[in-house]
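User: I have a model with several chains open on my screen, and I would like to know how its labels are justified. Could you walk me through them?

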4 protein chains.
Amino acid sequence: MKSLFAIALVLCSVTAFSADGMAKWQKGKGWGWVWGKQDEVGSLNEMTDVSRAAALRLATQGKVYDLGVIYDRTSYKWPGHNPGEIISFRTPEGVKRQQDLPALVNENPSRTAWHSCALFMNDNVATQIDGLGHATEGEDDHWYNGFREREWGGNWGVRKCDATTIPPIVARGIVIDVAGWKSVDALPSNYAITPEDVEAALKKQNTQLRPGDIVLIRTGTLRHWGESGDDEKGLIKQHDSAGINLEAARWLVEQQGAMMIGSDTSGLEYVPKDAEASEYRRKYKSFMPVHNYLLIEQGVHIGEFHNLEQLARDRVYEFCYMAATAKIKGTASGFALRPIALK
Amino acid sequence: MKSLFAIALVLCSVTAFSADGMAKWQKGKGWGWVWGKQDEVGSLNEMTDVSRAAALRLATQGKVYDLGVIYDRTSYKWPGHNPGEIISFRTPEGVKRQQDLPALVNENPSRTAWHSCALFMNDNVATQIDGLGHATEGEDDHWYNGFREREWGGNWGVRKCDATTIPPIVARGIVIDVAGWKSVDALPSNYAITPEDVEAALKKQNTQLRPGDIVLIRTGTLRHWGESGDDEKGLIKQHDSAGINLEAARWLVEQQGAMMIGSDTSGLEYVPKDAEASEYRRKYKSFMPVHNYLLIEQGVHIGEFHNLEQLARDRVYEFCYMAATAKIKGTASGFALRPIALK
Amino acid sequence: MKSLFAIALVLCSVTAFSADGMAKWQKGKGWGWVWGKQDEVGSLNEMTDVSRAAALRLATQGKVYDLGVIYDRTSYKWPGHNPGEIISFRTPEGVKRQQDLPALVNENPSRTAWHSCALFMNDNVATQIDGLGHATEGEDDHWYNGFREREWGGNWGVRKCDATTIPPIVARGIVIDVAGWKSVDALPSNYAITPEDVEAALKKQNTQLRPGDIVLIRTGTLRHWGESGDDEKGLIKQHDSAGINLEAARWLVEQQGAMMIGSDTSGLEYVPKDAEASEYRRKYKSFMPVHNYLLIEQGVHIGEFHNLEQLARDRVYEFCYMAATAKIKGTASGFALRPIALK
Amino acid sequence: MKSLFAIALVLCSVTAFSADGMAKWQKGKGWGWVWGKQDEVGSLNEMTDVSRAAALRLATQGKVYDLGVIYDRTSYKWPGHNPGEIISFRTPEGVKRQQDLPALVNENPSRTAWHSCALFMNDNVATQIDGLGHATEGEDDHWYNGFREREWGGNWGVRKCDATTIPPIVARGIVIDVAGWKSVDALPSNYAITPEDVEAALKKQNTQLRPGDIVLIRTGTLRHWGESGDDEKGLIKQHDSAGINLEAARWLVEQQGAMMIGSDTSGLEYVPKDAEASEYRRKYKSFMPVHNYLLIEQGVHIGEFHNLEQLARDRVYEFCYMAATAKIKGTASGFALRPIALK
């Protein structure tokens, strides 16, 4: 059997790069379904030894920023996901009382025992990277590269483009601090970040994008996460609806070559006010057009709930981004993730 | 409230290093409970900007090795943990049939929908790093730094030293290929790796250890993981009992300054044959003396089920090791992890 | 091994009954820990072939009332319990797509497949009977009959008095329609039902209690359950705090010999207003003194969320009550139960 | 909204019974889809006040037999279902340590606390009644009464014929002790019970069937359940493949009017030896033709893992059968059930 462990490694065999160092990206067009009929990786195929080595050279100081937020049973999440519980499964007292493993427990003079937890969770919580199978469209419910539900669905998650197909990501990372450019703590509810906003923020912070970047948009929402995002005051929910509009997503991918786009909200994209939602869906043909565009059409992964507060405070806008999702077969997203920014 | 996000960052303030670059490690003694009464991090406190920058300089080629194994419902695990299921929670067809969110689903001409999964899992499965609260000992069921069950236990996992306290790890990584030194595909069942074995294997591969290393011991067990470790032939179980003995663990920590020790088995340490188990437990006072020693006494984390096959094939024995565990409060271990080795 | 299946049956061997037909109940005292050191059944030990035959004779018409409410993911529950999900685990389409059992699925010309669900639930939801291990008190955390946590706790539920020890209940059932007596649809929030209320309601409906009865108190709360208790309007929560006070519980057990007491609320007992809660707890020494009294002191089970609406509409106050809890080891309560009233 | 609680009650309005007391059953034909397009109840519609009253008159002694088996994490089940865990969710010590509800816990001089459990389970375990939506057939994946997956499937279980639609069952129950007739402890593996076997066993025990009966077939398998069915010796698995063949099912329904058929195995029906399975599936067009016939074609529920040992020992072949399934929306079967036989 061919080992899956080698998937991330064979990427280095991609050859014939354009002047911008990209193998398949075209200015004005982005990517699309250009990596072959069986591809499950999308634009992250652009990573090479050369690109990773270049990204690593950005990390000269050895300073690390932890972009992950802590998840627990109280953490804010989209209400359509199943709730989560982390439950003590084995405890030292329980192990000793239950006596289900008597030799193990009783024949040890040190009275050794252990803790473990049973988790019930959703695969779309806390800091995450949406897999290319997360969003579907059409009567045939297809996702990236045309994988259709009637062939690649199943009872135990998606059978194409699950989170195990997301390679370890090592790439140049850029924060675009839109909240900072606007001089607000966090963008207001339902704020649509446009291409003009993005360009202005980049200009203010004097950052140039390059094809192959991991682009992270800061709305400021996660300044309200606190210890584990219980959102008792409703502040996460309030700011979480700010995000990029479809035009900004297109500009980042087609004009700038963003290889992944993320932000500090649960869904990256602008969410309209309730009163405007029907018209919005009619116009954009979807309740989440940026997801349709990035995940399905372009094969560009989405980063969510990335904590960018410390980077913004330190004005660190360029860094080496690294993330490796939990490797659980079938999962639609890599969840409870701890990406890091290295400087 | 003081932000937890900054935990990893404050480490750079540790000063007054010894000649070997370590702040607290002492040759012949290792660490222990030396980082203050409230410490939950242990030897990983030794990481600094300087040490991380040095580790990153090992990654000149940009080559990445994925050390994580894929987990699914069939994966091999210690039978004392709860089984796992990854279940399709929302599917495009289900969302459209269920009609629980009618506006979202029906008012979108593109017929957009989504996949998500509900997970039921144990926090000690697949590739992982054991937290310092995983193992306990004594009538008071204490773990690292003296945290006791009656104060820091709870219903939702451990309340000190959970996996969220494991900082992102960026350090020099070393593979010690014991199976390769023995010229076997995988070490036999119940093979005890001694300090002499470790020294001989290091000598053969011409590798020098340094204080602060992440030391990974290769038994060869994971050559049998296959796609997701269903172990239908029993080969993982067979080889999984090979591992280091207590003397090897002591040598690595006290003489060499290993900051974390891992391997390609479920528990790192040597497991005796059933017939010898009672005597072993009496002699070593525990059924898992290496866990007691590393996690509780020394504050040294343990890496488990790290896939070292590709590194061994390429004879890459020194690299930059990076791992960042899932950030879920209460968890005893960082599970389904995807550490990477950068060269 | 002595079969547990026979537990319900050996009860018929209890002899030496008092004039009221009760073996151990004493007027003015009730029961208590009177059934022997190993007893896990409490007052339900009073059931005998004779008492069951008498109860069955009340059911001459063959009419059945279903007292259970439907539970789903949206159902109202005490927020301290874990949430519930019922998830399609195997579906006909999923089975056929997943191809994990190819012979089973493909070698059948009828294209047969199946549905099954995975459940994540709490054992204290919907219609239920609290087991005698549900409530604990004291520094030693003991429950009924002095079973202590340090001996009979465990990781997988209680090891004494779990729901499997609740025998099938066949007994005379009585509804006391307090809401009907008050001529209200449902009792107001935080209404404390006193012994005087109970006596007046009994008098109005011309019902006599007898030792050994299952007494069900109607507050009217479940008229708001609807299809599955989603409580979008907050009406269940509003009325759910009405219930009997400790004095009423004592009167029912000590003066009348109630063998089990239930109601149409989540907790049977009166809950004080927030402003009065601290004083109440100080006075009654517990935040749920009726639970302490019935479950721990008296060994009397509590019935919760029993739907009494149809019985009240039909003015059926006396009937044969039957209930048999789910037989799951360790559970603290018999949940999602469907008791019936036979007339 | 029309209350669902009344479903069981309106059955008494069915009129125009045939001479055998059945409303819709026809000798030589059975039932089928005869109860109207929206019906989810099937043959259990035959229950009336009159039939229930007659059944209750069989219970003159007040003796109760508990037909349910105990379920826990170790219990035998068909391997295709998800495993189960019953986990202590709140414990008195945990509640006090966790301090998430400080007022509740600290302001009570009695130091009151509580136990509750989180359950992860399958809805097809232990003693159960299969719902009419459990089995499907055809390219359109339809079940009883033509309900099709594309309309009535969903993410949260079946949306027609879930276990909440199974009315409380009160009916004449009959045990047919095939193992007793054969003078064996339990029938051998893969034993096919034929109509002739059933007739001979009935004759030996001098029992007459009547239309509307709950017919329970004893193979003797559950003599090996023990405390909670861990099946360490493999005896349950060994005998569990004995069961009725399709011809016996047809005879019981079409000639005798059995309203429900159950047994003491996990699936009621005969399972062929592996070597004969392919031919069997070709001949019978399904891997479980008795399920197709009873659940889909006839609308007859199936009882599984009913413990009949005590009834057989006491030679009680006729009794009042009562069962009321857990009332959980979406579930394909009523599980962990405790039916009772009253004599």
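User: How many residue pairs are in polar contact between chain C and chain B?

Analyst: Happy to help! Keep in mind that this is a predicted model. Two residue pairs are in polar contact between chain C and chain B, both residues having pLDDT 80 or more.

User: What makes Glu93(B) and Arg97(C) a salt bridge?

Analyst: The test is a side-chain nitrogen of Lys or Arg within 4 Å of a carboxyl oxygen of Asp or Glu. In Glu93(B) and Arg97(C) the closest N and O atoms are 2.8 Å apart, so the pair qualifies as a salt bridge. The count between chain C and chain B is two salt bridges.

User: Which elements of chain C give two or more residues to the side that touches chain B?

Analyst: Those are β2 (85–90) and α2 (92–98) of chain C. With four residues, β2(C) gives the most. By type, the residues on this side of chain C are three nonpolar, one polar and four charged.

User: What is the area buried between chain C and chain B, and which three residues of chain C supply the most?

Analyst: Chain C and chain B bury about 650 Å² between them, with 58% of it on carbon and sulfur atoms. On the chain C side, Ile87(C), Phe89(C) and Glu93(C) supply 59% of the area buried against chain B, more than any other three residues. The contact itself takes eight residues from each chain, C and B.

User: Why is the relation of chain C to chain B called a two-fold axis?

Analyst: Chain C can be laid on chain B by a turn of 180° and a shift of 0.0 Å along the axis, with an RMSD of 0.0 Å. That is the relation of a two-fold axis, which is why the name applies. The same surface serves both copies, since 100% of the contact residues of chain C recur in chain B.

User: Now chain D and chain C. How many residues are in contact there?

Analyst: In this pair, 107 residues of chain D are in contact with 109 residues of chain C. The buried area is about 9500 Å², and carbon and sulfur atoms give 60% of that. There are also 59 residue pairs in polar contact between chain D and chain C, both residues at pLDDT 80 or more. The side of chain D that touches chain C divides into 49 nonpolar, 34 polar and 24 charged residues.

User: How do you know that Arg281(D) and Glu107(C) form a salt bridge?

Analyst: Their closest N and O atoms are 3.1 Å apart, and the cut-off is 4 Å, so this pair counts as well. Twelve salt bridges are counted between chain D and chain C. As for where this side of chain D comes from, strand β4 (residues 116–122) of chain D gives the largest share, seven residues.

User: What makes β4(C) and β4(D) a pair of strands?

Analyst: Pairing needs at least two bridges. Strand β4 (residues 116–122) of chain C and β4(D) have five bridges, in the antiparallel sense, so they count as paired. Within that pairing, Met121(C) stands opposite Leu119(D).

User: And in chain B, why are β1 and β14 called edge strands?

Analyst: The open sheet there has nine strands in the order β1-β15-β13-β7-β9-β11-β12-β5-β14, with mixed pairing. The edge strands are β1 (64–66) and β14 (333–334) of chain B, as each pairs on one side only. For β1(B), three bridges join this strand to β15 (residues 340–342) of chain B, running antiparallel. One bridge partner there is Ala341(B), across from Tyr65(B).

Conventions: Residues are numbered from 1 along each chain as its sequence is written. Chains are lettered from A and ligands numbered from 1 in the order in which they are written. This is a predicted model: local features need pLDDT of at least 70, side-chain atom pairs count only at pLDDT 80 or more; totals for chains, interfaces and linings use all residues. Side-chain values use heavy atoms; hydrogens and water are left out. Contact means heavy atoms within 4.5 Å. Buried area is the accessible area (1.4 Å probe) that two parts lose on being put together, summed over both. A polar contact is a pair of N or O atoms within 3.5 Å; within protein, one must be able to donate a hydrogen and the other to accept it, and residues adjacent in sequence count only if both atoms are side-chain atoms. Ala, Val, Leu, Ile, Met, Phe, Trp, Tyr, Cys and Pro count as nonpolar, Asp, Glu, Lys and Arg as charged, and the others, Gly among them, as polar. Copies are superposed by least squares on the C-alpha atoms of residues with pLDDT of at least 70 in both.
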